[in-house]
Amino acid sequence: MIPRVFGVRTWAPLGVLASLAYCVPERREARAEAPRAAGPRSVDRSLLELKMVQVVFRHGARSPLKPLPREQAEWNLQLLEVPPQTRFDYTVTNLTGGPKPPSPFDSEYHKTILKGGMFAGQLTNVGMQQMFALGERLRKSYVEDTPFLSPTFNPQEVFIRSTNIYRNLESTRCLLAGLFQSQKEGPIVIHTDEASSEVLYPNYGKCWSLQERTRGRRQAASLQPGISEDLQKVKEGMGIASHDGVDFLSLLDNVAAEQVHRLPSCPALRRFAQTIEQRAVDTALYIMQKEDRESLQMAVGPFLHILESNLLNVVDPATPPGQTRKLYLYAAHDVTLMPLLIVLGIFDHKWPPFAVDLTMELYQHRESKEWFVQLYYRGEEQVPKGCPDRLCPLDKFLNTLSAYTLSPENYHALCSQARD
Ligand SMILES: *[C@@H]1O[C@H](CO)[C@@H](O)[C@H](O)[C@H]1NC(C)=O
């Protein structure tokens, strides 16, 4: 048995707060202990300066990953026609600027051809429009309402990272086309990682301990009380044999894709749509074991570490100029967003829809020089766990993250650790 190399309490809050000492005013303690009844301290927002924005988004609408054993919707190739306004050239590299790594996921999707001719998991023009619309919304916020970003793409202002899956790369293109109206002053480079070391989704291949803990849980989820009865009912209603390995995740995958594309789906699917979404969320929560902190850490800890480092780099006066960007974009997945939302205490028990975004703004007060974070999900303001208000003092926000962030070393240690 490998001994635990780090106890939760010994490392989690320390590193972050120690490194923050320089930016946290002395008054912090006193304020934290002020009676809650006094309400959150109100901050004059006109004195806040936007310093940095990070956006984590799910790709746009796509074809299903795996068709259901029943009458199929038609996924015809017209759905792949690129809307002209979303066109924008880009290059994909690995994390250090080398050639784009191979994508085993895309190779897998290409083996499944749906009725109508599309591959599984392909971004459609509906999805492209969704991403373009998200880009336009960001343009309104950060180019028009607040003159923060240049109106044309500038590589010195924007860092872009995506999972190396084609629908995510293409989603990123469309978002950028909306955000910069397809205007650029330099090359667009999208950074991707090898599938074997990717941390923008829970990486079961890389993280042995996560794989161990979740082994068999997808099947077990379908046997849980409540889930199992509903699954029986929905399958009967849809004429799917009860022994077919269909669960709520594959049902939702098909329902959500058919609904957003307004493709004729069987009436039962539509009738059960709400149950399917709710039970798919229950299933995902069961698999993720959200009460088990280490499972969540292994799922999103390394990605949280990246988001946290970006914040700290901006705040750190020792960071050389030119080392930080104004905007960080991360093209991720539903399985990324769910644990992120849970960790932040803002999960709404709805499946993260296509093209949804989690946006994190970093502000500095012009006079007091204090730092604040403002979080949005689906464009709506959020109050993260541990925060007194929507405008969250940076140290409080980092405290919430610190319970789950994992440095690469700690991630490696936790992933290779046998369970007690
Ligand atoms: C990126 O590719 C280059 C050239 O093939 C390689 O030397 C480098 O190690 C790769 N970087 C990463 C992070 O995989």
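**Ligand shell, a helix pair and a kinked helix**

Around the ligand stand Asn94, Leu95, Thr96, Gly98, Pro99 and Glu194, where a residue counts as near if its C-beta atom, placed from the backbone, lies within 6 Å. This shell holds two nonpolar, three polar and one charged residue (Ala, Val, Leu, Ile, Met, Phe, Trp, Tyr, Cys and Pro are nonpolar, Asp, Glu, Lys and Arg charged, the others, Gly among them, polar). The model is predicted: local features need pLDDT of at least 70, side-chain atom pairs count only at pLDDT 80 or more, and totals for chains, interfaces and linings use all residues. Residues are numbered from 1 along each chain as its sequence is written.

Helix α12 covers residues 293-315 (helices are DSSP runs of H or I, at least four residues, numbered from the N terminus). Its 23 residues span only 28 Å between end C-alpha atoms, short of the 33 Å of a straight helix at 1.5 Å a residue; that expected span is 1.5 Å times one less than the number of residues. A kink of about 55 degrees lies at Val300, shortly before the proline Pro302; the bend is the angle between axes fitted to the seven residues ending there and the seven starting there.

Methods:
Helix = DSSP H or I, 4+ residues; strand = E, 2+ residues; numbered from the N terminus.
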